[in-house]
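Here is a friendly walk through this structure, point by point. Please keep the 3D view open as you read.

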Amino acid sequence: DGEVHINELKNGNAETFWNPTSEVRRQRLKRHIVLFEEQTDFESERLWQHVTSAINKGDQHKATQEKFVLEEEQRNAARERRENGTEWKPLLFRHDTMTDEWHYKYEDLRPWDPLNDIAQFEKNGILQTMERHLSTRMSNHKTTCINDQITRHKRSAKDCRRRKTSDQPSNHSQNTESSCSTPESVQELSDDDGEYLGFESLCAQCGKEMNHLKEIHSAVLSLQRAQQDIHR
């Protein structure tokens, strides 16, 4: 959020490339860090505190010394692990043997969803996304609700087929058979089929969630159409 200048070496001319206004400075992202006293020994700010202090004081010699001390401690620790046969197990990264690269274990490569995603945050070294809707609790609740209805529906279908195979053909059995409107292939039903196949209406919580999903889906389709028009 500071000024950036371009210096032309050939003629010595200087040009202002970027000069943020006070409004731009006010909109800068806030920096969130863990309190120093709450950090563990191997977190960067605590681990490199003496090197950082020396750099801020302009003491390059002291900074180099502190850096050497840290690196030597790390070499000794690695040497002891090799001698003891102790395997180093990274907490947050995994090694790709094909590319010989390290990757963050919990990386989330899905596109950012402006309709649902609020913010990203870090907790215990794990990056997570705060979402506006579609929480796991709601998803589980909906699944449980629909599964209960499918179970009741299957039980009704089983009773209906038992009445169909009765050995007493009569007007009563014919009436019973004609009154059975249960589909035979109940096991092939999907979660979204319930409201079209005569399931009991969803609970108020699930119904509200489904209506909201439809609104989101409609909004996404509208955005996709707009993007296609822009590309054309």
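1. Let us begin with the aromatic rings. How many aromatic pairs does a search of the whole structure find? The search turns up two. Please bear in mind throughout that this is a predicted model.

2. In one pair, the ring centres of Phe-93 and Tyr-104 lie 5.9 Å apart and the planes meet at 65°, so this pair counts as edge-to-face. Phe-93 belongs to strand β3 and Tyr-104 to strand β4, so to speak two distant parts of the chain, eleven residues apart, linked by the pair. Is Tyr-104 buried or exposed? Tyr-104 is buried, with a relative accessible area of 15%, while Phe-93 is partly exposed at 41%.

3. Tyr-104 also pairs with Tyr-106. Here the arrangement is again edge-to-face, with 5.9 Å from centre to centre and 70° between the planes. Tyr-106 is partly exposed, its relative accessibility being 39%. Taken together, Phe-93, Tyr-104 and Tyr-106 make one aromatic cluster.

4. Another ring to look at is that of Phe-36. The charged end of Arg-46 sits over this ring, 4.5 Å from its centre.

5. Next come the charged pairs. Side chains of opposite charge can pair when their charged atoms come close. Across the whole structure, a search finds nine salt bridges. One of them joins the side chains of Arg-94 and Glu-107, at 3.9 Å from N to O. This salt bridge links distant parts of the chain: Arg-94 is in strand β3 (residues 93-96), whereas Glu-107 lies in the loop between β4 (101-104) and β5 (117-123), 13 residues away. Arg-94 is partly exposed, with a relative accessible area of 38%, and Glu-107 is partly exposed at 38% too.

6. Which residue forms a salt bridge with Asp-108? The partner is Arg-110, and the closest N and O atoms are 3.2 Å apart. Arg-110 is partly exposed, with 36% relative accessibility, and Asp-108 is likewise partly exposed, with 39%.

7. Arg-110 has a further salt bridge, with the side chain of Glu-131, at 3.7 Å from N to O. Glu-131 sits in strand β6 (residues 126-131) and Arg-110 in the loop between β4 and β5, and the pair links these distant parts of the chain, 21 residues apart. Glu-131 is partly exposed, with a relative accessible area of 36%.

8. Please also find the group made of Lys-67, Glu-71, Glu-72 and Arg-75. These four residues are linked in a network of salt bridges.

9. Now for the nonpolar side chains. Which residues make up the largest nonpolar core? There are five: Leu-47, Val-51, Ala-54, Ala-63 and Leu-70. Helices α3 (49-56) and α4 (60-84) are the elements that each give two or more residues to this core.

10. Leu-47, a member of that core, has several contacts worth tracing. Setting aside neighbours within four places in sequence, Leu-47 is in contact with Asp-41, Phe-42, Leu-70 and Gln-74. Leu-70 is itself one of the core residues.

11. Glu-66 deserves a look as well. This residue is found in helix α4. Buried or exposed? Glu-66 is buried, with a relative accessible area of 17%, which means a value under the 20% cut-off. Not counting residues up to four places away in sequence, Glu-66 touches His-50 and Val-51. Val-51 is also part of the largest nonpolar core.

12. Finally, a view of the whole chain. The secondary structure comes to seven helices and six strands. Along the sequence, the pattern reads β-β-α-α-α-α-β-β-β-β-α-α-α. Of the 232 residues in the protein chain, 14% are buried. The accessible surface of the chain comes to about 19600 Å², and 51% of this belongs to carbon and sulfur atoms. Among contacts between residues at least 6 apart in sequence, 29% join residues at least 24 apart.

Conventions
Residues numbered from 1 in each chain as written. Predicted model: local features only at pLDDT ≥ 70, side-chain atom pairs only at ≥ 80, totals over all residues. Heavy atoms only, no water. Helix = DSSP H or I, 4+ residues; strand = E, 2+ residues; numbered from the N terminus. Buried < 20%, exposed > 50% of the residue type's maximum accessible area, 1.4 Å probe, protein only. Core = buried A, V, L, I, M, F, W, Y, C linked by side-chain atoms within 4.5 Å. Contact = heavy atoms within 4.5 Å. Phe/Tyr/Trp six-rings, centres within 6.5 Å; stacked < 30°, edge-to-face > 60°. Lys NZ or Arg CZ within 6 Å of the ring centre and 35° of its normal. Areas by Shrake-Rupley, 256 points an atom, 1.4 Å probe, with all protein chains shown as cover.
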